[in-house]
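Visitor: I would like a close look at one part of this model, the metal site. Please take me through the site and then through what lies around it.

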Amino acid sequence: MPAQNPRSMAPFLLIIALTFVSVAGYMAFRWFTTDGNRTRNVIAWLRDPSAHPEWVVKAGQQCGEAPFTMPTDGYVGFLWGDSFRPGHHHQGLDIFGGGGLNQTPVIAAYPGYLTRLPEWKSSLIIRIPEDPLNPGQQVWTYYTHMADSDGNSYILPEYPPGTSEVFVEAGTLLGYQGNFSGDPNNPVGIHLHFSIVKDDGQGKFLNELEIQNTLDPSPYLGLLLNADQNRDQIPVCFDD
Ligand SMILES: [Zn+2]
């Protein structure tokens with residue numbers, strides 16, 4: 001093969017550079033617009049929840065024909081697909097109760113079989129043998145941040161670490177919202193993180209930390225919870 005003339009490469013390199021700059025610019029724009037609007041609202045909410053009663057969803061509330069009920073009270077501040085840093089996509093919902101630690105109840109959104117792994121301080125997962133929106137498939141609901149910053153759990157004592165396959169009805173009290181992050185010096189704002197996790201096809205849940213292992217919760221809860229489709233609306237029931 002003949003050697004490339006360096007001068008003939010210049011336009012291609014320029015195109016590659018321009019493409020890179022525009023893609024990076026677009027990603028930064030997406031990141032700032034998605035995160036910026038919602039971050040601003042979350043800060044406003046946490047400062048004074050009573051100023052925004054119209055932002056609130058209620059535990060046990062069912063939106064229209066949606067199969068799941070809301071797992072806790074509060075403002076749904078971050079959505080499925082929100083990006084907290086470039087390259088990251090949020091795998092669930094963050095519902096900020098607006099109260100203090102260990103105050104806002106968390107309930108089961110749908111009946112299923114509760115498991116809490118031995119090392120889980122703030123989390124539990126509920127197996128739903130029959131996904132109401134994908135009959136024949138098993139799916140999982142994951143609830144986390146139910147502990148304080150030091151890892152003192154707010155999950156009910158009925159569900160200690162090591163709990164396996166305990167049946168709970170929809171509406172069963174599971175615990176209370178907390179701010180556990182794994183780093184005592186850097187707790188999260190008090191909220192519940194709730195996500196819908198896919199099954200691996202062998203009866204086990206996939207890694208919740210990867211968004212591709214989770215499902216868009218919008219049709220399950222009847223709210224516009226997909227960050228790509230909801231840029232700036234406060235998520236409340238579709239038919240409100
Ligand atoms: Zn979250």
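Guide: What follows starts at the metal and works outward to the pocket, the sheet and two loop residues. The model is predicted.

The zinc ion has His 90 (NE2), Asp 94 (OD) and His 193 (ND1) as its protein donors, at 1.9 to 2.1 Å. Along the chain these donors follow the spacing H-x3-D-x98-H. Asp 94 belongs to strand 3, whereas His 193 belongs to strand 10 (residues 192-198), so this pair ties together parts that are 99 residues apart in sequence. Both Asp 94 and His 193 are buried; the cut-off for that word is under 20% relative accessible area.

Two of the zinc donors turn up again in the largest pocket. His 90 and His 193 are among the residues closest to the centre of the largest pocket, together with Gln 91, His 145 and Val 188. The space in this pocket comes to about 740 Å³, and 30 residues line it. By class, the lining divides into 13 nonpolar, 14 polar and 3 charged residues. Helix 1 (6-47), strand 3 and strand 7 each supply at least two lining residues. The largest share, 4 residues, is that of helix 1.

Strand 3 and strand 10, which carry Asp 94 and His 193, are also members of the sheet. This is an open sheet of 8 strands with antiparallel pairing, in the order 1-2-3-10-7-6-5-8. At its edges stand strand 1 (56-57) and strand 8; each has a single partner strand, so one side of each is left without a neighbour in the sheet. On the strand 2 side of strand 3, 3 bridges join strand 3 to strand 2 (residues 74-78), and the two run antiparallel. Within strand 3, the zinc donor Asp 94 stands opposite Phe 78.

Two loop residues complete the picture. Asn 102 sits in the loop between strand 3 (93-96) and strand 4 (105-107). Its phi is near 60°, a positive value in a residue other than glycine. With a relative accessible area of 37%, Asn 102 is partly exposed. The loop between strand 7 (139-144) and strand 8 (166-168) holds Glu 165, where phi is likewise positive, near 60°, and the residue is not glycine. Glu 165 has 35% relative accessibility and so counts as partly exposed, a class that lies between the buried limit of 20% and the exposed limit of 50%.

Technical notes: Residues numbered from 1 in each chain as written. Predicted model: local features only at pLDDT ≥ 70, side-chain atom pairs only at ≥ 80, totals over all residues. Heavy atoms only, no water. Buried < 20%, exposed > 50% of the residue type's maximum accessible area, 1.4 Å probe, protein only. Donors = N, O, S within 2.8 Å, 3.2 Å for Na, K, Ca; no water. 1 Å grid on protein atoms, 1.4 Å probe; cavity = no way out; pocket = protein on both sides within 12 Å on 5 of 7 lines; lining within 4 Å. Points joined across faces, edges and corners; volume = space filled by probe spheres on them. Nonpolar A, V, L, I, M, F, W, Y, C, P; charged D, E, K, R; others polar. Pairing = 2+ DSSP bridges.
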